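This briefing introduces one protein chain to a reader who has not met it before. Please keep the sequence and the structure in view while reading the points below.

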Amino acid sequence: MHKLFVPYVMGNRDFIENVKTLSEAGADIVEVGVPFSDPVADGPVIMNVGNKAIQEGINIQYIFDQLTENQDEIQSKYVLMTYYNIINHYGESAFLNACEQAGVYGLIIPDLPHELVQQLKAHHPERKTNIISLIAMTTSNTRSHQIAKDAEGFIYTVTMNATTGEDGKFHPELKNRIKDIKAHTEVPVVAGFGIRTAAHVKDIIEASDGVVIGSEIVKRFENDDKQTTIEYLKTIRNVLN
C-alpha cells in the first residue's frame with residue numbers, strides 16, 4: 001500500500017518554493033504552517049521560524065495569495081496548520097472561501113476541540129475544504145472512536161505527549177492506538193511529532209498510513225543546501241514506497 005508523505009513547512013517568504021520542492025520530491029500532502037504569535041503545539045524549531053516569519057510581515061493573506069497564484073504549479077495537495085484565532089479574525093466564511101480559491105485541501109486547527117470542529121463543519125456545509133482531526137495519546141478510546149467516525153481528509157495521530165520536534169520518543173501504545181483508530185474510520189491515519197529519520201518512518205508505518213515530518217524538514221530548509229534537503233526527502237519517500 002502507498003504510504004502518505006506529509007511534510008511541513010512554515011509559511012514564510014520562501015514557503016512557496018519550499019512547497020514546490022516538497023511536491024517534486026514526492027509529498028502527497030504538504031502542511032503549511034501559518035505563523036502565529038502564541039502557538040500551543042509547536043516546538044522550538046517551528047516557533048523560531050514562525051517568529052521570524054511574523055517579523056518578515058507574513059500573514060494569512062500573503063499565504064492565500066501565494067497559494068492562489070501558484071496552485072497550478074503544485075502537484076501535491078496542501079493543507080494549512082493554523083489556530084482558530086486567525087480564522088475567527090479573518091471571518092469563518094471568508095476564510096473558508098479564501099481556502100477554496102487557493103486550492104487548500106484541508107485545515108488542521110490544533111486548538112479547536114472535536115465538538116467545536118463539528119460545529120464549524122455544521123455551520124459551513126457548503127465548504128470544500130476538509131477539517132482535519134487530531135487524536136492525541138491522552139484521548140479516551142470512546143472519544144477517539146467518535147473523532148475517527150466523524151473524520152474527513154485524514155486523521156493526524158500525535159505520537160507522544162509533547163510538542164513538535166521531540167526525537168522519536170514515541171508513546172509505547174502508539175501502534176496499538178493507531179490500529180484501533182483505523183478500525184473506526186474510512187480515512188487514512190497518519191502519525192506526526194518527533195519523526196525525523198528513515199528508521200523512525202519505517203517503524204511507524206508498520207501501523208500508520210503515513211507520516212508527518214515537521215521540525216526536521218524546517219531545520220533542513222533553514223540550514224542545508226537545496227540538493228542535500230532533496231536527498232533527505234528522497235530517502236523518506238523511498239521508505240514510504
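Gln227 is partly exposed, because its relative accessible area of 44% lies between the limits of 20% for buried and 50% for exposed residues. This residue belongs to helix H11, which covers residues 226-240. The model in which Gln227 is seen is a predicted one.

**Overall form**

- The protein chain contains 11 helices and 8 strands.
- For 241 residues, a compact globule would have a radius of gyration near 18 Å, and the 17 Å of the protein chain agrees with this.
- Taken along the principal axes, the box filled by the C-alpha atoms is roughly 45 × 40 × 30 Å.
- Of contacts between residues at least 6 apart in sequence, 70% link residues at least 24 apart.

**Surface and charge**

- Of the 241 residues in the protein chain, 56% are buried.
- The exposed area of the protein chain is about 10700 Å², and carbon and sulfur atoms contribute 47% of this area.
- The protein chain carries 22 positive and 32 negative charges, and the mean positions of the two sets are 6 Å apart.

**Helices H8 and H7**

- Helix H8 spans residues 174-182, and its buried residues are Leu174, Arg177, Ile178 and Ile181.
- Viewed down the axis of H8, these buried residues fall within an arc of 100°, and they therefore line one face of the helix.
- As a general rule, an α-helix has 3.6 residues a turn, so residues three or four places apart point the same way.
- The cover over the buried residues of H8 includes strands E5 (130-135), E6 (155-158) and E7 (189-192), together with helices H7 (141-150) and H9 (198-204).
- In H7, the buried residues are Ser144, Ile147, Ala148 and Asp150.
- Helix H6 (114-123), E5, E6 and H8 are the elements against which the buried residues of H7 pack.

**Pro7 in strand E1**

- Pro7 is located in strand E1, which runs over residues 4-10.
- Pro7 counts as buried because its relative accessibility is 0%, and the limit for buried residues is under 20%.
- Beyond its neighbours within four places in sequence, Pro7 is in contact with Leu22, Ala27, Ile29, Val30, Glu31, Ile213 and Ile217.
- One of these residues, Leu22, is 15 residues from Pro7 in sequence, with 7.3 Å between the two C-alpha atoms.

**Two buried loop residues**

- His124 occupies the loop between H6 and E5.
- With a relative accessible area of 5%, His124 is buried.
- Its neighbours within four places in sequence aside, His124 is in contact with Glu92, Ser93 and Leu96.
- Phe193 is part of the loop between E7 and H9.
- Although Phe193 is not a glycine, it has a positive phi of about 95°.
- Phe193 counts as buried, at 10% relative accessibility.

**A pair of separated residues**

- Gln227 and Ile131 are 96 residues apart in sequence, and their C-alpha atoms are 34 Å apart in space.

Methods. Residues numbered from 1 in each chain as written. Predicted model: local features only at pLDDT ≥ 70, side-chain atom pairs only at ≥ 80, totals over all residues. Heavy atoms only, no water. Helix = DSSP H or I, 4+ residues; strand = E, 2+ residues; numbered from the N terminus. Rg over C-alpha atoms; globule rule 2.2 N^0.38 Å. Buried < 20%, exposed > 50% of the residue type's maximum accessible area, 1.4 Å probe, protein only. Contact = heavy atoms within 4.5 Å. Areas by Shrake-Rupley, 256 points an atom, 1.4 Å probe, with all protein chains shown as cover. Lys, Arg positive; Asp, Glu negative; His and termini not counted. Charge placed at Lys NZ, Arg CZ, Asp CG, Glu CD. Arc of directions from axis to C-beta.
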